[in-house]
Amino acid sequence: MERVSSIIKKVKTISKNGIEPVQQGINNFNIPDETIEELAKKRAEICAGCEFMKMEPISFLRVKDTRIPLISEQYCVKCGCELPYKLRQSIEKCEKWNV
């Protein structure tokens, strides 16, 4: 059931916000920029204390993050986003981020 919920949330978020935030996050993950990485690390500290941060239940969707191990293979239960990508984009910000 958790896997189905993950897919449904991902589809809803992309339907609502479009694919651009995901694309920006993937691009910034694959081509690291020092400024974006520093921002992602600050955001990761906020997410680490959040009840919505969980291990991605769908194994082939897990994103290994060697630069920020704290969020490696984690996703947001609230929106369904993979945290290694979510934290590296600035189109669709989390309401909990103050950075």
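How many aromatic pairs does the count come to? The close-ups below get to that, along with a helix and a loop. This is a predicted model, with residues numbered from 1 along each chain as its sequence is written, and local features need pLDDT of at least 70, side-chain atom pairs count only at pLDDT 80 or more, and totals for chains, interfaces and linings use all residues. Side-chain values use heavy atoms, with hydrogens and water left out.

**View 1. Phe 29 and the company it keeps.** The count comes to 1 aromatic pair, where rings of Phe, Tyr and Trp (its six-membered ring) pair if their centres lie within 6.5 Å; planes under 30 degrees apart are stacked, over 60 edge-to-face and the rest tilted. Phe 29 and Tyr 85 have ring centres 5.5 Å apart and planes at 80°, so the pair is edge-to-face. Phe 29 is in helix 2 and Tyr 85 in helix 4, so to speak distant parts of the chain, 56 residues apart; helices are DSSP runs of H or I, at least four residues, and strands are runs of E, at least two, numbered from the N terminus. Phe 29 has 12% relative accessibility and counts as buried (buried is under 20% relative accessible area, exposed over 50%, partly exposed in between, with a 1.4 Å probe and protein chains only). The charged end of Arg 67 sits over the Phe 29 ring, 5.1 Å from its centre (the cut-offs are NZ of Lys or CZ of Arg within 6 Å of the ring centre and within 35 degrees of the ring normal).

**View 2. Helix 3 and its two faces.** Glu 37, Ala 40, Arg 43, Ala 44 and Cys 47 are buried in helix 3. Looking down the helix axis, these buried residues fall within an arc of 125°, so they line one face (the arc is taken from the directions from the axis to the C-beta atoms). The face turned away carries the exposed residues Glu 34, Thr 35 and Glu 45. Leu 39, also in helix 3, is partly exposed at 25% relative accessible area.

**View 3. Ser 72 in its loop.** Ser 72 is found between strand 1 (53-55) and strand 2 (74-76), and at 18% relative accessibility Ser 72 counts as buried. Leaving out residues up to four places away in sequence, Ser 72 touches Val 63, Lys 64 and Asp 65 (contact means heavy atoms within 4.5 Å). A polar atom of the Ser 72 side chain lies 2.9 Å from the backbone nitrogen of Asp 65.

Technical notes. Polar contact = N/O pair within 3.5 Å; in protein donor to acceptor, adjacent residues only side chain to side chain.
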